[in-house]
Amino acid sequence: MHHHVPMRVVVIEDEPGIASFVSQGLSAAGYQAVVASTGAEGLAEGLDPSTSLVVLDLGLPDIGGDQVLAALRRKRPDLPVIVLTASTGVPDRVRLLDAGADDYVTKPFSFAELLARVRARLRSGQQASSTVITIGELTVDVARRTATRAGATAELSAREFTLLEVFARHPGQVLSQQQLLDLVWGYDFDPGSNVVEVYVAYLRRKLGSDVVQTVRGAGYRLPS
Ligand code: CA
C-alpha cells in the first residue's frame, strides 16, 4: 500500500471562492486536491485513473453537472462522486441519487460536513496521506478521531476534533480566525462570530491551556 501517496480528489466547481475553500480544506486534510472550473476539464480529470473521488458542482458553465455525472458513471462506475447542490427539494435529491451520485451536500455547507462525507466514501479504500499526527506530547489519530496529550485521551466533539486536526496539520503556523472559520465552520459563516475563540477555549480545557497559543492580532498557533 502507498500510504505516503495522498489520494487525489477532483473538485469540479466554477465559483473560485468555493473551489479554493474546498481544495484548501482537502489539502489541509491530507488529500491531493485538483480544481477543474468547467465540466469538460472536470470530466477529463475525473476519468484520470489516479483520481479517487470527485466533488461535483451541478451548475457549471459548459456541460451540465448531471451530464458530467452520467459520463463519469458510465466510464468509471466505482468512482465515488459527491454532488454540491443549491437545491434542497426532496425530488431533486432523489433524482441525484438515481443519477448515480453517492452523496450530496447542500450549499451553503461547512467544510467539516463535506469532509465527513469524503471520508465516509473513501473509508473502504486507501487512507489519506497520514492518519496519525504526532507533535510533541500531542497525538491526533485522524482515522479513529481520537486525541491524546501526554498519555491522556480527551473526549472531543466532532467540531472540536476538526479544529484540532486543522491545527495539527499546520504545526507552528499561525492560522487566522477567518482561515479557521472557513476550514472548520464554512465559507459563509458570520465572520464577526466568536465561535473560534470559544472552541479554542474548549480545546484548552480538554487538552491543556498551552495546547494552542494565541498570537495577538494574527490568530492562533499549535506550537510545533
Ligand atoms: Ca456553479
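## The hairpin of strands 7 and 8

In this predicted model, strand 7 and strand 8 form a hairpin with 4 residues between the strands, and R145 of that hairpin takes a positive phi near 60 degrees. The two strands run antiparallel and are joined by 4 bridges, and one of the pairings sets D141 opposite its bridge partner T146 in strand 8.

The residues of strand 8 can be sorted by the face they belong to: A147 and R149 make up a covered face, whereas T146 and T148 make up an uncovered one. This can be read beside a general rule, that in a regular strand the side chains alternate between the two faces of the sheet.

## The hairpin of strands 8 and 9

Strand 8, which spans residues 146-149, also pairs with strand 9 in the antiparallel sense, here over 3 bridges. Within this pairing A147 stands opposite A154 in strand 9, and R149 has A152 of strand 9 as its bridge partner. Strand 8 and strand 9 likewise form a hairpin, with 2 residues between them, and A150 in the turn has a positive phi of about 50 degrees.

## The antiparallel sheet

These hairpins belong to an open sheet of 4 strands, in which the order is 6-7-8-9 and the pairing is antiparallel. Its edge strands are strand 6 (132-135) and strand 9 (152-154), each of which pairs on one side only, and the twist from one strand to the next averages 20 degrees.

Helix 6 packs on this sheet and touches strand 6, strand 7 (138-141) and strand 8, while the direction of helix 6 makes about 115 degrees with that of strand 7.

## Helix 6 against helix 8

Helix 6 (residues 158-169) also meets helix 8 (residues 195-207), the axes of the two coming within 10 Å and crossing at roughly 90 degrees. Helix 6 and helix 8 are therefore roughly perpendicular to each other.

On the side of helix 6 the contact is made by R159, E160, L163, L164 and F167, and on the side of helix 8 by Y199, V200, Y202, L203, K206 and L207. Sorted by character, the residues of this contact comprise 8 nonpolar and 3 charged ones, with no polar residue among them.

## The parallel sheet

A second sheet in the model is an open one of 5 strands, with the order 2-1-3-4-5 and with parallel pairing. Strand 2 (32-36) and strand 5 (103-106) stand at its edges and have a single partner strand each, so one side of each is left without a neighbour in the sheet. In this sheet the twist averages 20 degrees from one strand to the next.

Strand 1 and strand 2 pair in the parallel sense over 5 bridges, and V10 has V34 in strand 2 as its bridge partner. Helix 1 lies across strand 1 and strand 2, running at about 165 degrees to strand 2. Helix 3 (residues 65-75) packs on the sheet as well, where it touches strand 1, strand 3 and strand 4 (81-85), and its direction makes about 160 degrees with that of strand 3.

## The calcium site

A calcium ion is coordinated by D14 (OD), D57 (OD) and G59 (O), at distances of 2.2 to 2.4 Å. Along the chain, the donors of the calcium ion follow the spacing D-x42-D-x1-G. The pair D14 and D57 links distant parts of the chain, 43 residues apart, since D14 lies in the loop between strand 1 (8-12) and helix 1 (16-28), and D57 lies in strand 3 (residues 51-57).

The two aspartates can also be described by their accessibility. D14 counts as partly exposed, at 29% relative accessibility, whereas D57 is buried, with a relative accessible area of 5%.

## The surroundings of S110

S110 is found in the loop between strand 5 and helix 5 (111-122). With a relative accessible area of 8%, S110 is buried, because residues under 20% are counted in that class.

When residues up to four places away in sequence are not counted, S110 touches F21, R159, V184, W185 and G186. One of these, R159, also takes part in the contact that helix 6 makes with helix 8.

Notes:
Residues numbered from 1 in each chain as written. Predicted model: local features only at pLDDT ≥ 70, side-chain atom pairs only at ≥ 80, totals over all residues. Heavy atoms only, no water. Donors = N, O, S within 2.8 Å, 3.2 Å for Na, K, Ca; no water. Buried < 20%, exposed > 50% of the residue type's maximum accessible area, 1.4 Å probe, protein only. Axes fitted to C-alpha atoms, helices over the stretch in contact; angles between N-to-C directions. Parallel < 35°, antiparallel > 145°, perpendicular 65-115°, else oblique. Contact = heavy atoms within 4.5 Å. Nonpolar A, V, L, I, M, F, W, Y, C, P; charged D, E, K, R; others polar. Pairing = 2+ DSSP bridges.
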